[in-house]
Amino acid sequence: MDSEEDFIRLPRPGDLEDVDAEETPAQARQEIERCKELCSALEQEHAKLQMAKEAAEQRTRELRKEGELLLKNFEQQIPLNKEEEMTWQMDIFLAKDKENRLRQEKQVLKTKLEEVKKRVLCEDPATMLPALPEKKMVFKGLVTNKEDMDKLMLTPLIHYPVLGGSALITFEKTEVAQRIIEVKEHMVELSYGEELEEVERCRMQVQAGPVEILVPSALEMGLIRSCRSILVSDLPSLGIPDEGLLDKLELFFSKTKNGGGEVESREFLDDSGQVVLTFVQDGVVEQLIARGHVEVPIGKGKYKLKISPHVNGDITNLQLQPSRCPRTVLLSGIPDVLGEEPMRDALEIHFQKSSRGGGEVDALAYVPAGRLGVAVFTEDSG
């Protein structure tokens with residue numbers, strides 16, 4: 001609002017009376033116009049004030065709503081803060097409880113660590129080597145590279161199932177076997193040695209295919225040393241029954257004055273002449289292994305026996321790869337029309353003939369229909 005319109009001076013009643021007495025009609029009309037303008041300005045001012053009042057009332061209502069909303073949020077926030085406080089207190093309680101449990105676990109682990117340190121010899125394969133049983137060996141062959149000395153050399157011994165009505169035939173030359181496989185189907189004469197007309201001859205058709213087997217390409221073994229068992233070797237050959245010898249060993253090693261303890265079990269290892277003794281308590285094995293050798297009375301004499309760690313080995317990783325036998329052919333679809341021996345002879349005669357694409361046969365195995373055989377494949381030294 002302009003400063004000129006802020007204040008409007010109105011004439012006093014006495015002033016109007018003085019003016020009325022003296023003014024002319026023209027002046028009266030001017031005064032009327034002036035009053036009209038004044039009235040219009042007052043109406044405009046009233047409208048502006050009314051609008052400002054409504055705006056103020058609207059703002060008041062908005063502020064009242066905002067206040068009510070803030071109050072409601074504040075009232076809702078109070079229980080939330082209490083819940084958060086309770087949650088924090090619970091977290092603090094759980095943290096303290098977890099800390100106590102971790103301390104207990106730490107103490108348990110510390111105790112176990114001490115036990116492991118006492119038995120560390122049981123888990124270190126490097127400490128086993130000096131105490132392993134001695135075995136006389138004769139070296140025949142070539143010295144390998146130093147890098148290959150710690151590698152385990154595998155000699156394959158593959159068991160291959162042979163179904164009935166099949167035969168395995170091994171040729172002396174690889175190229176012969178490959179020719180037989182390429183032909184796939186062969187007509188085998190069954191009446192060799194007999195003078196018959198062509199129409200009277202008997203033949204059979206067989207299928208030839210490769211022999212595919214799985215051979216190990218990589219092998220990993222894990223060695224675990226027993227902490228309660230020992231290996232007793234260098235046992236004398238006295239003609240004593242095994243049970244009698246086991247009784248004497250158990251009797252000797254069960255005495256604490258001999259460095260032993262209560263024996264839980266004893267057994268002979270197959271085809272080794274060695275005995276495994278297992279004790280009830282821990283700590284006995286280390287003392288005996290540290291001695292290396294022990295003189296044990298057996299019969300009328302004393303014999304120096306070697307004490308070694310007892311090691312178990314488990315295969316931890318075995319990788320296989322397919323391999324095809326280069327000189328062996330699988331013959332299938334053989335009908336049961338001849339005895340086992342005549343059928344074997346007929347097959348060998350047929351596949352030895354160079355006119356049939358064959359050659360010298362190194363081995364032949366035939367399994368008649370209705371039966372099942374197992375062929376053993378070894379490494380081809382040729």
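**Notes on the predicted model**

1. Let me start inside strand β4. Ser233 is buried, its relative accessible area being 2%, and this serine belongs to strand β4. A partner to look at is Val275: 42 residues separate Ser233 and Val275 in sequence, yet their C-alpha atoms are 6.7 Å apart in space.

2. Please keep in mind that this is a predicted model. The mean pLDDT is 81 for the protein, with 80% of the residues at 70 or more. Strand β2 (residues 166–171) has the highest mean among the elements, 93, while helix α1 (residues 3–6) has the lowest, 47. Residues 1–5 have pLDDT below 50, and this stretch makes 2 contacts in the model beyond near neighbours in sequence. Predicted coordinates should not be read in detail where pLDDT is low.

3. Now for the overall picture. The protein contains 10 strands and 7 helices. Of its 382 residues, 25% are buried. Among contacts with a separation of 6 or more, 74% are between residues 24 or more positions apart. The accessible surface is about 28100 Å², and carbon and sulfur atoms account for 53% of that surface.

4. Next to Ser233 in sequence numbering comes a backbone detail you may like to check. Asp234 has a phi near 60°, which is positive although the residue is not glycine. Asp234 sits in the loop between β4 and α5 (242–253). With a relative accessibility of 39%, Asp234 is partly exposed, because that value falls between the 20% and 50% cut-offs.

5. A second positive phi is found at Lys184, where the angle is near 70° in a residue other than glycine. This lysine is located in the loop that runs between α4 (174–183) and β3 (185–189). Lys184 is exposed, at 55% relative accessibility. As background for both points, most residues other than glycine have a negative phi.

6. How many aromatic pairs does the count come to? There are 2 aromatic pairs. In one of them, Tyr160 and Phe377 meet edge-to-face, with 5.8 Å from centre to centre and 90° between the planes. This pair joins distant parts of the chain, since Tyr160 lies in strand β1 (residues 157–162) and Phe377 in strand β10 (residues 373–378), 217 residues apart. Both ends are covered: Tyr160 is buried at a relative accessible area of 16%, and Phe377 is buried at 14%.

7. Phe252 and Phe253 also form an aromatic pair. Their ring centres lie 5.1 Å apart and their planes meet at 85°, so this pair is edge-to-face. Phe252 and Phe253 are both buried.

8. Finally, have a look at the outside of the model. Leu214, Met221, Ile315, Leu318 and Leu320 make a nonpolar surface patch of about 490 Å². Two elements, β4 (203–233) and β8 (301–332), each give two or more residues to the patch. The most come from β8, which contributes 3 residues. Ile315 is placed in strand β8. Is Ile315 buried or exposed? Ile315 is exposed, because its relative accessible area of 54% is over the 50% cut-off. Strand β4 thus links two of these points, as it gives residues to the nonpolar patch and also holds the buried Ser233.

Key:
Residues are numbered from 1 along each chain as its sequence is written. This is a predicted model: local features need pLDDT of at least 70, side-chain atom pairs count only at pLDDT 80 or more; totals for chains, interfaces and linings use all residues. Side-chain values use heavy atoms; hydrogens and water are left out. Helices (H or I, at least four residues) and strands (E, at least two) are DSSP runs, numbered from the N terminus. Buried means under 20% relative accessible area, exposed over 50%, partly exposed in between (1.4 Å probe, protein chains only). Contact means heavy atoms within 4.5 Å. Accessible areas come from the Shrake-Rupley method with a 1.4 Å probe; for residues, only the protein chains shown count as cover. Patches are made of residues with over 30% relative accessible area and no salt bridge: like charges are joined within 9 Å, nonpolar side chains (Val, Leu, Ile, Met, Phe, Trp, Tyr) within 5 Å. A salt bridge is a side-chain nitrogen of Lys or Arg within 4 Å of a carboxyl oxygen of Asp or Glu. pLDDT is the predictor's confidence in each residue, from 0 to 100. Rings of Phe, Tyr and Trp (its six-membered ring) pair if their centres lie within 6.5 Å; planes under 30 degrees apart count as stacked, over 60 as edge-to-face and the rest as tilted.
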